Amino acid sequence: MYSKDGENYFIVDAHVALWDARRENQRNIHGKQFIDCFYDYHRNLSPASELWPYEDFLYQGGERLMKDLFTDGYVDHAIFQPAHLGAFYNTGFGQTEDAFALTRKHPGMLTYNHCFDPRFEEAGLKQLREDAARFGLKGVKLYTAEWKGDSRGYKLSDPWTYRYLDACRELGIKNIHVHKGPTIRPLDRDAFDVADVDAAASDFTDLNFVVEHCGLPRLEDFCWIATQEPNVHAGLAVAIPFMHTRPRYFAQIIGELLYWLDEDRIQFSSDYALWTPRWIVEQFVDFRIPDDMTGEYPQLTVAQKKKILGLNAAAMYDIEVPAGLGLAEPAVV
């Protein structure tokens, strides 16, 4: 929980990872390229006081994650959104067993989502059913630009992806988180294009599609899709640190999201361990649209910030919000 000026904010960090990019886990040069690109995002968008040494960035471990998120970072609940990247890392980038063990140890604080790749076809469908049973999945994280053999990505609208989404319906996996944002070396920019969300959201109206990184740099495309598809949500991972280096750019991002969607379909994320949540939560609560932009983008209200920082994700994942940390009910006259 974060408190400021008499207001209490329930914090759900809706996109975190426990990764291992150490040299011994890098399968090839692409593993180094990937984590080096991550580190460039970290060092270019972080305050100087929040910069990590490169070696620390390669691997954090569960103990440090718990400290950074819950002891120091104001987070009440966090949701793992792993990327496998088996073509780049020997045991995968996201560490499934470690993350799930941590979730079992702290069930009231952590939720574990898993991933699937429809290019594994029938074998992958079988694995998805096993994973759903083992992990008690409420959500999955999809990385449509991930490499597999000669393939450098897939689309949500592919026939095999639809079979997996049908299985998600059957298994009660309602929340589909999709990386649709900035490219990461060496992945292909076009494989992260947001356009395929449109068809999937139209055809699976009973599923939530959380577009992580809100489609950047294709924000306009994302907004036009999301305004017509009420089951499309925006995840602020990568977008929200621009408060520090490009506050006017972030004002445009959040202003457009609030104009085209509404405050009920936007979710906070630190994208740990790219960034730690403490400074982001503090800056977001303090954030104001620059005065010369308020003719187009109204100032964010406290209620909007509370929804974005935690209440929206809590509602999606049935996370209990303690008394006094929700929004005050309007008085009955």
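In the predicted model, Tyr162 and Phe204 are both buried. The structure contains 29 aromatic pairs. Tyr162 and Phe204 make up one of these pairs, with an edge-to-face arrangement in which the ring centres are 4.9 Å apart and the planes meet at 80°. This pair connects distant parts of the chain, since the two residues are 42 residues apart: Tyr162 belongs to helix α6 (residues 159–171), whereas Phe204 lies in the loop between α7 (196–203) and β9 (208–212).

Ring pairs also join a cluster made up of Trp19, Phe34, Phe38, Tyr39, Trp52, Tyr54, Phe57, Phe88, Tyr89, Phe93, Trp147 and Tyr272. Two members of this cluster, Trp19 and Phe34, recur in the largest nonpolar core, which has 108 residues. Within that core, Trp19, Phe34, Phe222, Ile254 and Leu257 touch the most other members. Another core, of twelve residues, lies apart from the largest one and includes Leu311, Met316, Tyr317 and Leu325. When residues up to four places away in sequence are not counted, Phe34 is in contact with Leu85, Phe88, Tyr89, Phe93, Tyr143, Ile184, Arg185 and Leu187.

Aromatic rings are also approached by charged side chains. The charged end of Arg22 is placed over the ring of Tyr59, 3.7 Å from the ring centre. Lys306 is positioned over the face of Tyr9, at 5.7 Å from the centre of that ring.

Gln267 is located in strand β11, which spans residues 266–267. Gln267 is classed as buried because its relative accessibility is 2%, under the 20% limit for that class. Leaving aside residues up to four places away in sequence, the contacts of Gln267 are Ala14, His177, Val210, Ala234, Gly235, Leu236, Ile308, Asn312, Ala313 and Met316. Of these, Met316 is also a member of the core of twelve residues.

At the level of the whole chain, twelve helices and eleven strands are present. The radius of gyration is 19 Å, close to the 20 Å given by the globule rule for 333 residues, so the chain is as compact as a globular protein of that length. Along the principal axes, the C-alpha atoms occupy a box of roughly 60 × 45 × 40 Å. Buried residues account for 57% of the 333 residues. Of the contacts between residues at least 6 apart in sequence, 78% join residues at least 24 apart. The exposed area of the chain is about 14,100 Å², of which 50% is supplied by carbon and sulfur atoms.

Terms used. Residues are numbered from 1 along each chain as its sequence is written. This is a predicted model: local features need pLDDT of at least 70, side-chain atom pairs count only at pLDDT 80 or more; totals for chains, interfaces and linings use all residues. Side-chain values use heavy atoms; hydrogens and water are left out. Helices (H or I, at least four residues) and strands (E, at least two) are DSSP runs, numbered from the N terminus. Buried means under 20% relative accessible area, exposed over 50%, partly exposed in between (1.4 Å probe, protein chains only). Contact means heavy atoms within 4.5 Å. Rings of Phe, Tyr and Trp (its six-membered ring) pair if their centres lie within 6.5 Å; planes under 30 degrees apart count as stacked, over 60 as edge-to-face and the rest as tilted. A charge sits over a ring if NZ of Lys or CZ of Arg is within 6 Å of the ring centre and within 35 degrees of the ring normal. A nonpolar core is a set of buried Ala, Val, Leu, Ile, Met, Phe, Trp, Tyr and Cys residues joined through side-chain atoms within 4.5 Å. The radius of gyration is taken over C-alpha atoms; the globule rule is 2.2 Å times the number of residues to the power 0.38. Accessible areas come from the Shrake-Rupley method with a 1.4 Å probe; for residues, only the protein chains shown count as cover.
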